[in-house]
Amino acid sequence: TPVQQKLERNTNLAAKLQSRLPAGTDLNTAAAGFRNLGQFVAAVNVSNNLGLDFTTLKTAMVTDGKSLGQAIQAQKGTTVDATQQAHTAERDADTMIRSTEPKAKKPSTGRPRQ
């Protein structure tokens with residue numbers, strides 16, 4: 001899937017996410033089914049930060065079609081502001097993705113060096 005392909009290219013991000021998933025979790029299997037990389041990273045972060053079961057969270061999002069906020073609410077009930085947690089996780093996911101992306105080479109100006 002596109003999410004899995006992006007993780008293969010961004011090994012720094014893959015390593016960070018792997019460390020946040022339960023031991024023995026296959027990263028490619030965990031990423032399967034998510035609409036985009038940001039959604040997957042946010043789900044991993046929420047699972048890690050709130051102590052939620054990742055597999056249950058993934059099922060709610062991928063299989064049941066719930067938003068991240070709805071999936072959080074389903075597991076945590078009223079003990080957490082699910083909307084705020086989802087927004088924070090999505091913002092953190094974007095930052096994490098950007099900070100781990102390989103730097104693109106600067107395009108050549110076409111002028112010879114002197």
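User: Which helix holds Ala93?
Analyst: This is a predicted model. The chain has 7 helices and 0 strands. Among them, the one in which Ala93 is found is α7.

User: Is Ala93 buried or exposed?
Analyst: Buried means under 20% relative accessible area. The relative accessibility of Ala93 is 0%. Ala93 therefore counts as buried.

User: What does Ala93 touch, leaving aside its neighbours within four places in sequence?
Analyst: Val41 is 52 residues away from Ala93 along the chain, yet their C-alpha atoms are separated by 5.4 Å. Val41 is also one of the contacts of Ala93. With neighbours within four places left aside, the full set is Gly38, Val41, Ala42 and Asn45.

User: Where in the chain is confidence lowest, and where is it highest?
Analyst: Across the chain, pLDDT averages 86, and 87% of the residues score at least 70. Where pLDDT is low, the predicted coordinates should not be read in detail. The lowest confidence is in helix α7 (residues 82–100), at a mean of 85, and the highest, at 96, is in helix α5 (residues 54–63).

User: In what order do the elements of the chain run?
Analyst: The chain has 0 strands, so the order involves helices. There are 7 of these helices. From the N terminus on, they run α-α-α-α-α-α-α.

User: Which residues of the largest nonpolar core touch the most other members?
Analyst: This core has 32 residues. Elements giving two or more residues to it are α1 (2–9), α2 (11–20), α3 (27–31), α4 (37–50), α5, α6 (68–76) and α7. The members that touch the most others are Leu7, Leu17, Phe40, Leu57, Leu68 and Ile72.

User: Which element gives the most to this core?
Analyst: Seven helices make up the chain's elements. Several of them, including α2 and α5, give two or more residues to the core. The most, 8 residues, come from α4.

User: Which residues of α1 are buried, and on how many degrees of arc do they lie?
Analyst: The buried residues of α1 are Val3, Gln4 and Leu7. Their narrow spread around the axis puts them on the same side of α1. Pro2, Glu8 and Arg9 are exposed on the other side. The arc of the buried set is only 95°.

User: What do the buried residues of α1 pack against?
Analyst: Leu7 is one of these buried residues. Beyond four places in sequence, Leu7 touches Leu13, Ala14, Leu17, Leu27, Ala31, Leu37 and Phe40. As a group, the buried residues of α1 pack against α2, α3 and α4.

User: At what angle do the axes of α2 and α4 cross?
Analyst: Two packed helices are described by the angle between their axes and the distance between the axes. The axes of α2 and α4 come within 9 Å. Their crossing is left-handed. The contact is made by Leu13, Leu17 and Arg20 of α2 and Leu37, Phe40, Val41, Val44, Asn45 and Asn48 of α4, and the axes cross at roughly 35°.

User: Why do the buried residues of α6 line one face of the helix?
Analyst: The buried residues of α6 are Leu68, Gly69, Ala71 and Ile72. They line one face because, seen down the axis of α6, they fall within an arc of 160°.

User: What covers the buried residues of α6, and which residue follows this helix?
Analyst: The cover over the buried residues includes α4, α5 and α7. The residue that follows α6 has a positive phi, near 70°. That residue is Gly77.

User: Where is Asn10, and what is its relative accessibility?
Analyst: Asn10 lies in the loop between α1 and α2. Beyond four places in sequence, Asn10 touches Ile97, Thr100, Glu101 and Pro102. Asn10 counts as buried, because its relative accessibility is 5%.

User: Which residues is Gln39 in contact with, leaving aside neighbours within four places in sequence?
Analyst: Gln39 sits in helix α4. Its relative accessible area is 13%, so Gln39 is buried. With close sequence neighbours left aside, its contacts are Phe34 and Met61.

User: What is the relative accessible area of Thr83?
Analyst: Thr83 lies in helix α7. The C-alpha atoms of Thr83 and Gln73 are separated by 8.5 Å. Thr83 is partly exposed, at 48%.

Methods
Residues numbered from 1 in each chain as written. Predicted model: local features only at pLDDT ≥ 70, side-chain atom pairs only at ≥ 80, totals over all residues. Heavy atoms only, no water. pLDDT = per-residue confidence, 0-100. Helix = DSSP H or I, 4+ residues; strand = E, 2+ residues; numbered from the N terminus. Core = buried A, V, L, I, M, F, W, Y, C linked by side-chain atoms within 4.5 Å. Buried < 20%, exposed > 50% of the residue type's maximum accessible area, 1.4 Å probe, protein only. Contact = heavy atoms within 4.5 Å. Arc of directions from axis to C-beta. Axes fitted to C-alpha atoms, helices over the stretch in contact; angles between N-to-C directions. Left-handed = near helix turned anticlockwise from the far one by under 90°.
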